[in-house]
Amino acid sequence: MPDMSGSVNLAMMQAALAAEELDKNKVTPGVLGFLVFAALAVGVWFLMKSLNRHMGRVNFEEAPEAPAGGGAKGAAKTTAKSA
């Protein structure tokens with residue numbers, strides 16, 4: 001096998017030079033930040049899809065109002081229908 005120490009030294013020197021060029025005061029989210037953001041976006045997409053499906057099942061028709069002069073009998077009929 002050929003001696004790899006020369007190429008390892010070259011790679012280490014290039015890595016050191018690249019590290020010097022980086023701004024040590026700059027913070028970036030990196031790959032992990034992107035993956036977390038993408039997972040949140042997918043989760044929100046599934047929640048919105050579920051919300052639309054559930055909102056489609058809601059019946060928005062209102063029940064007719066009870067007559068105003070019904071008194072106690074009208075109130076009893078209304079509660080019996082709702083239960």
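**A friendly note on a three-helix model**

1. Let's begin with the overall fold. The protein has three helices and zero strands. Along the sequence this reads as α-α-α. Please keep in mind as you look around that this is a predicted model.

2. Confidence comes next, as it is uneven along the chain. The mean pLDDT of the protein is 78, and 72% of the residues score at least 70. Helix H2 has the highest confidence, with a mean of 96, while H3 has the lowest, at 54. H2 covers residues 30-57, and H3 covers 71-82.

3. How much of the protein is buried? Of its 83 residues, 0% count as buried. The accessible surface is about 8,200 Å², and carbon and sulfur atoms account for 67% of that area.

4. For the aromatic residues, there is one pair to find in the structure. Trp45 and Phe46 have ring centres 5.0 Å apart and planes at 65 degrees; because an angle over 60 degrees counts as edge-to-face, the pair gets that label.

5. A nonpolar patch on the surface is worth a visit too. Its members are Val44, Met48, Leu51, Met55, Val58 and Phe60, and together they offer about 580 Å² of accessible area. One of them, Met55, sits in helix H2. Is Met55 buried, partly exposed or exposed? Its relative accessibility is 43%, so Met55 counts as partly exposed, since that value falls between the 20% and 50% cut-offs.

6. Finally, have a look at Asn59, which is in the loop between H2 and H3. This residue is exposed, because its relative accessible area of 59% is over the 50% cut-off. What lies 3.2 Å from a polar atom of the Asn59 side chain? The partner there is the backbone nitrogen of Glu61.

How values were computed. Residues numbered from 1 in each chain as written. Predicted model: local features only at pLDDT ≥ 70, side-chain atom pairs only at ≥ 80, totals over all residues. Heavy atoms only, no water. Helix = DSSP H or I, 4+ residues; strand = E, 2+ residues; numbered from the N terminus. Buried < 20%, exposed > 50% of the residue type's maximum accessible area, 1.4 Å probe, protein only. Areas by Shrake-Rupley, 256 points an atom, 1.4 Å probe, with all protein chains shown as cover. Phe/Tyr/Trp six-rings, centres within 6.5 Å; stacked < 30°, edge-to-face > 60°. Patch = residues over 30% accessible without salt bridge, like charges linked within 9 Å, V, L, I, M, F, W, Y side chains within 5 Å. Salt bridge = Lys/Arg side-chain N within 4 Å of Asp/Glu carboxyl O. Polar contact = N/O pair within 3.5 Å; in protein donor to acceptor, adjacent residues only side chain to side chain. pLDDT = per-residue confidence, 0-100.
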